[in-house]
Amino acid sequence: MSDVATAKTSNNRVGMISLGCPKALVDSERIVTQLKIEGYEISPSYEGADVVVVNTCGFIDAAVEESLDAIGEALEENGKVIVTGCLGADSEKVLEAHPGVLAVSGPHAYEEVMTAVRATIRPPHDPFVDLVPPQGIKLTPRHYAYLKISEGCNHRCSFCIIPSMRGDLVTRSIGEVMQEAENLAKAGVKELLVVSQDTSAYGVDIKYQTGFWNGRPIKSHIQQLAEALGELGIWVRLHYVYPYPHVDKLIPLMAEGKILPYLDIPFQHASHRILKDMKRPAHAEKVLDRLKVWRDICPDITVRSTFITGFPGETEEDFQTLLDFIKEARLNRVGCFTYSPVDGATANDLPNHVPEDEKQDRLERFMEVQADISAELLSKQIGKRMTVLTDEVGDDFTIARSKMDAPEIDGVVQIDGEMLEPGQFVEVDITHADEHDLWGKLVEPS
(Lines give C-alpha, C1' and ligand atoms only; values in the text may rest on other atoms or scores of the structure.)
Protein backbone atom coordinates (compact mmCIF):
# COMPACT_ATOMS: atom_id res chain seq x y z
CA MET A 1 0.00 0.00 0.00
CA SER A 2 1.25 3.50 -0.76
CA ASP A 3 0.84 6.66 1.31
CA VAL A 4 -0.60 4.66 4.18
CA ALA A 5 -0.71 5.81 7.78
CA THR A 6 -0.69 3.34 10.80
CA ALA A 7 -2.29 1.41 13.74
CA LYS A 8 -3.02 -1.72 15.72
CA THR A 9 -6.30 -2.21 17.60
CA SER A 10 -8.47 -5.08 16.38
CA ASN A 11 -11.80 -4.72 14.53
CA ASN A 12 -11.56 -0.97 13.96
CA ARG A 13 -8.64 -0.62 11.56
CA VAL A 14 -8.84 1.36 8.32
CA GLY A 15 -6.30 1.34 5.50
CA MET A 16 -5.83 4.63 3.63
CA ILE A 17 -4.42 4.87 0.11
CA SER A 18 -3.95 8.43 -1.16
CA LEU A 19 -3.33 9.05 -4.87
CA GLY A 20 -3.01 12.23 -6.92
CA CYS A 21 -2.13 15.83 -6.16
CA PRO A 22 -1.48 17.70 -2.88
CA LYS A 23 -5.13 18.83 -2.82
CA ALA A 24 -6.19 15.18 -2.75
CA LEU A 25 -3.63 14.54 -0.01
CA VAL A 26 -5.31 17.23 2.10
CA ASP A 27 -8.63 15.42 1.58
CA SER A 28 -6.97 12.20 2.79
CA GLU A 29 -5.60 14.01 5.83
CA ARG A 30 -9.09 15.23 6.72
CA ILE A 31 -10.50 11.72 6.38
CA VAL A 32 -7.72 10.26 8.55
CA THR A 33 -8.23 13.02 11.12
CA GLN A 34 -11.95 12.26 11.36
CA LEU A 35 -11.24 8.52 11.58
CA LYS A 36 -8.87 9.14 14.49
CA ILE A 37 -11.36 11.47 16.17
CA GLU A 38 -13.93 8.71 16.06
CA GLY A 39 -11.47 6.19 17.47
CA TYR A 40 -10.57 4.19 14.36
CA GLU A 41 -7.00 3.01 13.95
CA ILE A 42 -5.09 3.36 10.67
CA SER A 43 -3.47 0.23 9.27
CA PRO A 44 -0.18 0.18 7.32
CA SER A 45 -1.09 -3.06 5.53
CA TYR A 46 -3.97 -4.68 3.68
CA GLU A 47 -4.02 -7.70 5.97
CA GLY A 48 -4.17 -5.49 9.07
CA ALA A 49 -7.13 -3.45 7.83
CA ASP A 50 -10.82 -4.17 8.32
CA VAL A 51 -11.64 -1.91 5.37
CA VAL A 52 -9.54 0.11 2.89
CA VAL A 53 -10.34 3.66 1.69
CA VAL A 54 -8.85 4.54 -1.72
CA ASN A 55 -8.72 8.28 -2.47
CA THR A 56 -8.45 8.37 -6.26
CA CYS A 57 -7.24 10.72 -8.99
CA GLY A 58 -8.97 11.12 -12.35
CA PHE A 59 -7.20 14.07 -13.94
CA ILE A 60 -5.61 12.26 -16.89
CA ASP A 61 -5.96 8.77 -18.33
CA ALA A 62 -2.77 7.54 -16.66
CA ALA A 63 -4.13 8.66 -13.28
CA VAL A 64 -7.46 6.91 -13.93
CA GLU A 65 -5.61 3.70 -14.77
CA GLU A 66 -3.45 3.99 -11.64
CA SER A 67 -6.55 4.56 -9.50
CA LEU A 68 -8.43 1.60 -10.98
CA ASP A 69 -5.36 -0.59 -10.49
CA ALA A 70 -5.09 0.54 -6.85
CA ILE A 71 -8.77 -0.27 -6.24
CA GLY A 72 -8.31 -3.69 -7.83
CA GLU A 73 -5.25 -4.43 -5.73
CA ALA A 74 -7.05 -3.39 -2.54
CA LEU A 75 -10.02 -5.62 -3.43
CA GLU A 76 -7.74 -8.57 -4.13
CA GLU A 77 -5.65 -8.10 -0.99
CA ASN A 78 -8.38 -7.04 1.45
CA GLY A 79 -11.83 -7.44 -0.09
CA LYS A 80 -13.52 -4.47 1.58
CA VAL A 81 -12.92 -1.21 -0.30
CA ILE A 82 -14.47 2.28 -0.13
CA VAL A 83 -13.67 4.56 -3.08
CA THR A 84 -13.59 8.36 -2.93
CA GLY A 85 -11.86 11.25 -4.75
CA CYS A 86 -11.91 12.65 -8.27
CA LEU A 87 -12.41 9.34 -10.08
CA GLY A 88 -15.25 8.62 -7.67
CA ALA A 89 -17.19 11.46 -9.29
CA ASP A 90 -17.63 9.04 -12.20
CA SER A 91 -19.11 6.24 -10.12
CA GLU A 92 -20.22 4.30 -13.20
CA LYS A 93 -16.63 3.96 -14.40
CA VAL A 94 -15.53 2.71 -10.98
CA LEU A 95 -18.42 0.27 -10.60
CA GLU A 96 -18.04 -1.02 -14.14
CA ALA A 97 -14.42 -1.94 -13.43
CA HIS A 98 -14.91 -2.99 -9.81
CA PRO A 99 -18.54 -3.79 -8.91
CA GLY A 100 -17.43 -5.25 -5.58
CA VAL A 101 -16.54 -1.96 -3.89
CA LEU A 102 -18.64 -1.03 -0.85
CA ALA A 103 -19.25 2.64 -1.68
CA VAL A 104 -18.19 5.32 -4.17
CA SER A 105 -18.11 9.07 -3.56
CA GLY A 106 -16.54 12.10 -5.25
CA PRO A 107 -13.85 14.49 -4.01
CA HIS A 108 -13.99 16.14 -0.56
CA ALA A 109 -16.98 13.93 0.37
CA TYR A 110 -15.73 13.40 3.91
CA GLU A 111 -19.07 12.58 5.53
CA GLU A 112 -20.00 10.09 2.80
CA VAL A 113 -16.72 8.28 3.41
CA MET A 114 -17.29 8.26 7.17
CA THR A 115 -20.85 6.97 6.70
CA ALA A 116 -19.51 4.09 4.59
CA VAL A 117 -16.81 3.33 7.15
CA ARG A 118 -19.32 3.35 10.02
CA ALA A 119 -21.60 1.01 8.05
CA THR A 120 -18.70 -1.42 7.65
CA ILE A 121 -16.99 -1.10 11.05
CA ARG A 122 -18.82 -0.15 14.22
CA PRO A 123 -17.45 3.12 15.66
CA PRO A 124 -15.29 2.13 18.66
CA HIS A 125 -16.13 5.00 21.01
CA ASP A 126 -17.67 8.41 21.55
CA PRO A 127 -15.72 10.87 19.39
CA PHE A 128 -15.77 13.46 22.15
CA VAL A 129 -13.83 11.27 24.57
CA ASP A 130 -10.45 10.90 22.83
CA LEU A 131 -8.28 13.79 21.74
CA VAL A 132 -6.70 14.50 18.34
CA PRO A 133 -4.05 17.21 17.91
CA PRO A 134 -5.58 20.60 16.98
CA GLN A 135 -3.72 20.56 13.65
CA GLY A 136 -5.33 17.23 12.73
CA ILE A 137 -3.55 14.18 11.32
CA LYS A 138 -1.05 14.93 8.55
CA LEU A 139 0.34 12.50 5.98
CA THR A 140 3.32 14.73 5.14
CA PRO A 141 6.53 14.90 7.21
CA ARG A 142 6.08 16.86 10.44
CA HIS A 143 7.94 19.95 9.25
CA TYR A 144 5.77 20.89 6.25
CA ALA A 145 2.07 20.73 5.46
CA TYR A 146 -0.35 21.57 2.67
CA LEU A 147 -2.95 24.23 3.47
CA LYS A 148 -5.98 23.98 1.19
CA ILE A 149 -7.84 27.29 0.99
CA SER A 150 -10.67 26.45 -1.41
CA GLU A 151 -12.34 23.71 -3.41
CA GLY A 152 -13.30 23.64 -7.09
CA CYS A 153 -12.62 26.00 -9.97
CA ASN A 154 -14.59 28.51 -12.04
CA HIS A 155 -12.44 28.12 -15.16
CA ARG A 156 -13.33 25.80 -17.99
CA CYS A 157 -9.96 24.97 -19.54
CA SER A 158 -10.63 22.69 -22.48
CA PHE A 159 -8.05 20.07 -21.44
CA CYS A 160 -9.30 19.81 -17.84
CA ILE A 161 -12.25 18.04 -16.19
CA ILE A 162 -11.59 19.20 -12.62
CA PRO A 163 -14.74 21.44 -12.44
CA SER A 164 -16.91 18.47 -13.42
CA MET A 165 -15.37 16.45 -10.58
CA ARG A 166 -14.83 19.09 -7.90
CA GLY A 167 -17.39 21.72 -8.87
CA ASP A 168 -17.11 25.50 -8.97
CA LEU A 169 -14.95 27.52 -6.60
CA VAL A 170 -15.93 27.30 -2.93
CA THR A 171 -13.78 29.44 -0.63
CA ARG A 172 -12.95 28.26 2.88
CA SER A 173 -13.58 30.77 5.66
CA ILE A 174 -10.48 32.88 6.19
CA GLY A 175 -10.87 32.45 9.94
CA GLU A 176 -10.92 28.67 9.51
CA VAL A 177 -7.90 28.74 7.17
CA MET A 178 -5.89 30.95 9.52
CA GLN A 179 -6.80 28.88 12.57
CA GLU A 180 -5.58 25.73 10.81
CA ALA A 181 -2.40 27.52 9.76
CA GLU A 182 -1.79 28.76 13.29
CA ASN A 183 -2.37 25.28 14.73
CA LEU A 184 0.11 23.81 12.26
CA ALA A 185 2.72 26.43 13.13
CA LYS A 186 2.27 25.77 16.86
CA ALA A 187 2.67 22.03 16.18
CA GLY A 188 6.13 22.63 14.71
CA VAL A 189 5.38 22.90 10.98
CA LYS A 190 8.10 25.03 9.38
CA GLU A 191 6.59 25.43 5.91
CA LEU A 192 3.04 25.85 4.65
CA LEU A 193 2.29 25.05 1.02
CA VAL A 194 -0.89 26.92 0.06
CA VAL A 195 -2.91 24.91 -2.46
CA SER A 196 -6.27 24.95 -4.24
CA GLN A 197 -7.42 24.58 -7.83
CA ASP A 198 -7.06 28.35 -8.31
CA THR A 199 -5.27 29.95 -5.37
CA SER A 200 -5.41 33.54 -6.62
CA ALA A 201 -9.22 33.34 -6.98
CA TYR A 202 -9.57 32.92 -3.21
CA GLY A 203 -12.67 34.79 -2.02
CA VAL A 204 -14.17 35.51 -5.47
CA ASP A 205 -17.26 33.40 -4.83
CA ILE A 206 -18.05 35.15 -1.52
CA LYS A 207 -17.20 38.61 -2.86
CA TYR A 208 -14.11 38.83 -0.65
CA GLN A 209 -16.23 39.03 2.48
CA THR A 210 -14.53 39.95 5.73
CA GLY A 211 -13.85 37.19 8.24
CA PHE A 212 -12.14 37.16 11.62
CA TRP A 213 -8.96 35.63 13.03
CA ASN A 214 -8.01 36.13 16.67
CA GLY A 215 -10.66 38.82 16.92
CA ARG A 216 -9.39 40.95 14.05
CA PRO A 217 -11.13 41.44 10.69
CA ILE A 218 -9.43 40.07 7.57
CA LYS A 219 -10.73 40.28 4.02
CA SER A 220 -11.10 36.96 2.18
CA HIS A 221 -8.59 37.86 -0.53
CA ILE A 222 -5.30 36.19 -1.44
CA GLN A 223 -3.29 39.33 -0.67
CA GLN A 224 -4.74 39.71 2.83
CA LEU A 225 -4.47 35.96 3.42
CA ALA A 226 -0.81 36.01 2.38
CA GLU A 227 -0.15 38.96 4.70
CA ALA A 228 -1.76 37.13 7.63
CA LEU A 229 0.10 33.88 6.91
CA GLY A 230 3.30 35.89 6.77
CA GLU A 231 2.83 36.79 10.45
CA LEU A 232 3.27 33.17 11.56
CA GLY A 233 7.05 33.28 11.22
CA ILE A 234 7.35 30.21 8.98
CA TRP A 235 7.84 29.63 5.26
CA VAL A 236 4.71 30.20 3.18
CA ARG A 237 4.76 28.95 -0.43
CA LEU A 238 2.00 29.66 -2.98
CA HIS A 239 0.97 27.02 -5.52
CA TYR A 240 -1.49 26.94 -8.46
CA VAL A 241 -1.63 30.71 -8.90
CA TYR A 242 -3.69 31.84 -11.90
CA PRO A 243 -2.07 35.02 -13.31
CA TYR A 244 -4.79 37.56 -12.44
CA PRO A 245 -3.68 41.22 -12.32
CA HIS A 246 -3.91 41.32 -8.51
CA VAL A 247 -1.15 38.69 -8.29
CA ASP A 248 1.22 41.63 -8.88
CA LYS A 249 0.39 42.81 -5.33
CA LEU A 250 1.89 39.62 -3.87
CA ILE A 251 5.37 40.37 -5.18
CA PRO A 252 6.17 43.15 -2.65
CA LEU A 253 5.25 40.72 0.16
CA MET A 254 7.89 38.37 -1.25
CA ALA A 255 10.46 41.15 -1.50
CA GLU A 256 9.78 42.02 2.14
CA GLY A 257 10.27 38.42 3.24
CA LYS A 258 6.71 37.94 4.46
CA ILE A 259 6.10 34.96 2.17
CA LEU A 260 8.56 32.95 0.10
CA PRO A 261 9.67 34.51 -3.19
CA TYR A 262 8.09 31.66 -5.14
CA LEU A 263 5.18 31.59 -7.56
CA ASP A 264 3.76 28.44 -9.13
CA ILE A 265 1.85 29.63 -12.22
CA PRO A 266 0.74 27.06 -14.85
CA PHE A 267 1.13 29.02 -18.10
CA GLN A 268 0.51 25.84 -20.20
CA HIS A 269 1.63 27.32 -23.55
CA ALA A 270 2.71 30.51 -25.33
CA SER A 271 1.03 30.33 -28.74
CA HIS A 272 -1.92 32.72 -28.84
CA ARG A 273 -3.94 30.29 -30.94
CA ILE A 274 -3.25 27.28 -28.72
CA LEU A 275 -3.97 29.21 -25.54
CA LYS A 276 -7.27 30.34 -27.03
CA ASP A 277 -8.21 26.72 -27.81
CA MET A 278 -7.15 25.79 -24.28
CA LYS A 279 -9.39 28.59 -22.96
CA ARG A 280 -6.43 30.07 -21.10
CA PRO A 281 -5.15 33.70 -20.96
CA ALA A 282 -3.65 34.32 -24.41
CA HIS A 283 -1.06 37.07 -23.95
CA ALA A 284 2.46 35.61 -23.69
CA GLU A 285 3.97 39.02 -24.38
CA LYS A 286 2.21 40.44 -21.31
CA VAL A 287 3.53 37.53 -19.25
CA LEU A 288 7.08 38.45 -20.27
CA ASP A 289 6.48 42.07 -19.28
CA ARG A 290 5.08 41.02 -15.89
CA LEU A 291 7.98 38.67 -15.25
CA LYS A 292 10.37 41.57 -15.78
CA VAL A 293 8.43 43.76 -13.35
CA TRP A 294 8.27 40.98 -10.75
CA ARG A 295 12.02 40.41 -11.00
CA ASP A 296 12.71 44.14 -10.70
CA ILE A 297 10.68 44.23 -7.46
CA CYS A 298 11.94 40.89 -6.11
CA PRO A 299 15.19 39.81 -7.80
CA ASP A 300 15.25 36.47 -5.92
CA ILE A 301 11.79 35.37 -7.07
CA THR A 302 11.49 31.78 -8.30
CA VAL A 303 8.81 31.22 -10.94
CA ARG A 304 7.66 27.64 -11.53
CA SER A 305 5.32 26.65 -14.34
CA THR A 306 3.95 23.71 -16.30
CA PHE A 307 3.37 23.34 -20.03
CA ILE A 308 1.67 20.95 -22.44
CA THR A 309 3.14 19.77 -25.73
CA GLY A 310 1.11 18.17 -28.49
CA PHE A 311 -2.19 19.90 -27.71
CA PRO A 312 -4.70 19.26 -30.54
CA GLY A 313 -3.86 21.50 -33.48
CA GLU A 314 -0.36 22.40 -32.24
CA THR A 315 1.83 22.97 -35.27
CA GLU A 316 5.61 23.11 -35.41
CA GLU A 317 5.24 26.90 -35.58
CA ASP A 318 3.16 26.90 -32.38
CA PHE A 319 5.73 24.71 -30.68
CA GLN A 320 8.55 26.99 -31.79
CA THR A 321 6.63 29.91 -30.26
CA LEU A 322 6.62 27.96 -26.99
CA LEU A 323 10.38 27.32 -27.20
CA ASP A 324 11.03 31.00 -27.93
CA PHE A 325 8.91 31.92 -24.92
CA ILE A 326 10.76 29.73 -22.43
CA LYS A 327 14.11 30.93 -23.79
CA GLU A 328 13.07 34.51 -23.11
CA ALA A 329 11.10 33.89 -19.90
CA ARG A 330 13.96 31.90 -18.29
CA LEU A 331 11.73 30.28 -15.72
CA ASN A 332 13.45 28.70 -12.73
CA ARG A 333 11.44 25.51 -12.38
CA VAL A 334 9.44 23.91 -15.19
CA GLY A 335 7.41 20.77 -15.74
CA CYS A 336 6.13 19.63 -19.11
CA PHE A 337 3.66 16.94 -20.15
CA THR A 338 2.32 15.61 -23.42
CA TYR A 339 -1.37 16.21 -24.05
CA SER A 340 -3.52 13.38 -22.71
CA PRO A 341 -7.09 13.09 -24.05
CA VAL A 342 -8.90 12.91 -20.72
CA ASP A 343 -12.37 11.39 -21.00
CA GLY A 344 -14.85 14.27 -20.89
CA ALA A 345 -12.45 17.09 -21.82
CA THR A 346 -13.80 19.35 -24.58
CA ALA A 347 -10.33 19.55 -26.16
CA ASN A 348 -10.83 15.99 -27.34
CA ASP A 349 -13.31 17.32 -29.91
CA LEU A 350 -10.77 19.69 -31.46
CA PRO A 351 -9.40 18.76 -34.92
CA ASN A 352 -5.86 17.84 -35.91
CA HIS A 353 -4.68 15.76 -32.97
CA VAL A 354 -0.90 15.44 -32.81
CA PRO A 355 0.58 11.92 -33.21
CA GLU A 356 1.99 10.42 -30.00
CA ASP A 357 5.55 10.19 -31.31
CA GLU A 358 5.44 13.88 -32.27
CA LYS A 359 4.12 14.83 -28.82
CA GLN A 360 6.98 12.93 -27.21
CA ASP A 361 9.58 14.43 -29.54
CA ARG A 362 8.41 17.94 -28.69
CA LEU A 363 8.43 17.13 -24.99
CA GLU A 364 12.04 15.98 -25.21
CA ARG A 365 13.09 19.04 -27.22
CA PHE A 366 11.32 21.31 -24.74
CA MET A 367 13.04 19.71 -21.74
CA GLU A 368 16.46 19.89 -23.43
CA VAL A 369 16.07 23.66 -23.82
CA GLN A 370 14.77 24.07 -20.27
CA ALA A 371 17.57 21.89 -18.83
CA ASP A 372 20.16 24.31 -20.27
CA ILE A 373 18.28 27.29 -18.84
CA SER A 374 17.96 25.64 -15.44
CA ALA A 375 21.63 24.63 -15.34
CA GLU A 376 22.70 28.20 -16.14
CA LEU A 377 20.38 29.73 -13.51
CA LEU A 378 21.45 27.27 -10.82
CA SER A 379 25.15 27.76 -11.59
CA LYS A 380 24.70 31.40 -10.54
CA GLN A 381 23.92 30.17 -7.01
CA ILE A 382 27.45 28.77 -6.58
CA GLY A 383 29.31 30.79 -3.96
CA LYS A 384 26.15 32.11 -2.36
CA ARG A 385 25.05 31.46 1.21
CA MET A 386 21.42 30.45 1.69
CA THR A 387 18.98 29.21 4.29
CA VAL A 388 17.67 25.71 3.65
CA LEU A 389 15.12 23.45 5.35
CA THR A 390 16.31 19.90 6.02
CA ASP A 391 14.03 17.15 4.70
CA GLU A 392 15.70 13.77 5.12
CA VAL A 393 18.96 12.04 6.03
CA GLY A 394 20.95 9.71 3.78
CA ASP A 395 24.25 7.87 4.16
CA ASP A 396 26.58 10.63 5.28
CA PHE A 397 24.53 13.42 3.69
CA THR A 398 21.39 15.46 4.30
CA ILE A 399 18.77 16.39 1.71
CA ALA A 400 17.37 19.90 2.17
CA ARG A 401 15.44 22.47 0.17
CA SER A 402 15.99 26.15 -0.46
CA LYS A 403 13.34 28.82 -0.86
CA MET A 404 13.42 27.95 -4.58
CA ASP A 405 12.30 24.36 -4.02
CA ALA A 406 8.86 22.93 -3.23
CA PRO A 407 8.88 19.34 -1.94
CA GLU A 408 8.67 16.49 -4.46
CA ILE A 409 8.37 18.65 -7.60
CA ASP A 410 11.49 20.86 -7.54
CA GLY A 411 15.17 20.33 -6.85
CA VAL A 412 17.03 19.79 -3.59
CA VAL A 413 20.16 20.98 -1.82
CA GLN A 414 22.46 18.13 -0.80
CA ILE A 415 24.68 18.73 2.21
CA ASP A 416 27.50 16.18 2.07
CA GLY A 417 29.21 14.94 5.21
CA GLU A 418 26.32 15.98 7.47
CA MET A 419 23.45 14.02 8.99
CA LEU A 420 20.99 16.64 10.19
CA GLU A 421 17.59 16.02 11.73
CA PRO A 422 14.69 16.83 9.35
CA GLY A 423 12.82 20.07 9.94
CA GLN A 424 15.76 22.37 10.73
CA PHE A 425 16.64 25.67 9.14
CA VAL A 426 20.39 25.79 8.51
CA GLU A 427 22.80 27.94 6.53
CA VAL A 428 24.84 26.47 3.67
CA ASP A 429 27.42 27.78 1.22
CA ILE A 430 26.60 26.52 -2.28
CA THR A 431 29.56 24.70 -3.86
CA HIS A 432 28.15 22.88 -6.89
CA ALA A 433 25.12 22.77 -9.20
CA ASP A 434 23.65 20.77 -12.07
CA GLU A 435 20.45 21.31 -14.10
CA HIS A 436 18.21 20.24 -11.20
CA ASP A 437 19.94 20.40 -7.81
CA LEU A 438 22.46 22.23 -5.66
CA TRP A 439 25.17 20.99 -3.31
CA GLY A 440 26.27 22.94 -0.25
CA LYS A 441 28.58 22.96 2.75
CA LEU A 442 27.07 23.49 6.19
CA VAL A 443 27.90 26.81 7.84
CA GLU A 444 28.62 26.02 11.46
CA PRO A 445 26.86 28.34 13.93
CA SER A 446 29.28 30.91 15.32
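The following exercises, each with a worked solution, concern the predicted model shown above.

Residues are numbered from 1 along each chain as its sequence is written. Because the model is predicted, local features need pLDDT of at least 70 and side-chain atom pairs count only at pLDDT 80 or more, whereas totals for chains, interfaces and linings use all residues; side-chain values use heavy atoms, with hydrogens and water left out.

**Exercise 1. Cavities**

Determine how many cavities of 30 Å³ or more the whole structure holds, and describe their linings.

Solution.

Step 1. A cavity is a set of points on a 1 Å grid over the protein atoms alone where a 1.4 Å probe fits but cannot get out, and its lining residues have an atom within 4 Å of a point. Grid points are joined across faces, edges and corners, and a volume is the space filled by probe spheres set on the points.

Step 2. The search of the whole structure returns 2 cavities of 30 Å³ or more.

Step 3. The largest cavity has a volume of about 100 Å³. It is lined by 11 residues, of which Phe267, His269, Leu275, Pro281 and Val287 are the closest to its centre.

Step 4. For the classes, Ala, Val, Leu, Ile, Met, Phe, Trp, Tyr, Cys and Pro count as nonpolar, Asp, Glu, Lys and Arg as charged, and the others, Gly among them, as polar. The lining of the largest cavity then divides into 8 nonpolar, 2 polar and 1 charged residues.

Step 5. The second largest cavity encloses about 30 Å³. Its lining includes Asp27, Ile31, Asn55, Thr84 and Tyr110, and by class comprises 4 nonpolar, 5 polar and 1 charged residues.

Step 6. Helices (H or I, at least four residues) and strands (E, at least two) are DSSP runs, numbered from the N terminus. Helix H1 (22-37) and strand S4 (81-85) each contribute at least two residues to the lining of the second largest cavity.

**Exercise 2. Strand S14 and its partners**

Establish whether the residues of strand S14 are buried or exposed, and which strands pair with S14.

Solution.

Step 1. Buried means under 20% relative accessible area, exposed over 50%, and partly exposed in between (1.4 Å probe, protein chains only).

Step 2. Since 8 of the 8 residues of S14 (residues 302-309) are buried, the strand is largely enclosed by the rest of the structure. Thr302, Arg304, Thr306 and Ile308 point one way, Val303, Ser305, Phe307 and Thr309 point the other way, and all are buried.

Step 3. Two strands pair if DSSP finds at least two bridges between them. Strand S13 (residues 262-264) pairs with S14 in the parallel sense over 3 bridges, with Tyr262 opposite Thr302.

Step 4. S14 also runs parallel to strand S15 (residues 333-338), joined by 6 bridges, and Phe307 lies opposite Cys336. Between S14 and S15 the chain passes through helix H11 (residues 316-329), giving a right-handed β-α-β crossover; right-handed signifies that, with the strands pointing away from the viewer, the path from the first strand over the helix to the second runs clockwise.

**Exercise 3. The open sheet**

State the strand order of the open sheet of 5 strands and identify its edges.

Solution.

Step 1. The order is S2-S1-S3-S4-S5, with parallel pairing.

Step 2. Strand S2 (41-43) and S5 form the edges, each pairing on one side only.

Step 3. At the S2 edge, 3 bridges connect S2 to strand S1 (residues 13-18) in parallel, and Val14 faces Ile42 across the pair.

**Exercise 4. Loop residues**

Characterise the settings of His98, Gly167 and Lys207.

Solution.

Step 1. His98 lies in the loop between helix H3 (91-97) and strand S5 (103-104). At 15% relative accessibility, His98 counts as buried. Leaving aside neighbours within four places in sequence, His98 is in contact (heavy atoms within 4.5 Å) with Leu68, Ile71, Gly72 and Leu75.

Step 2. Gly167 lies in the loop between helix H5 (162-166) and strand S8 (170-171) and, at 23% relative accessibility, counts as partly exposed. Not counting residues up to four places away in sequence, Gly167 touches Gly152, Cys153 and Ile162.

Step 3. Lys207 occupies the loop between strand S9 (191-195) and strand S10 (210-213). Lys207 is exposed, at 75% relative accessible area, and its phi is near 55 degrees, a positive value in a residue other than glycine.

Definitions and conventions: On a 1 Å grid over the protein atoms alone, a cavity is a set of points where a 1.4 Å probe fits but cannot get out, and a pocket is an open set with protein on both sides within 12 Å along at least five of seven lines; lining residues have an atom within 4 Å of a point.
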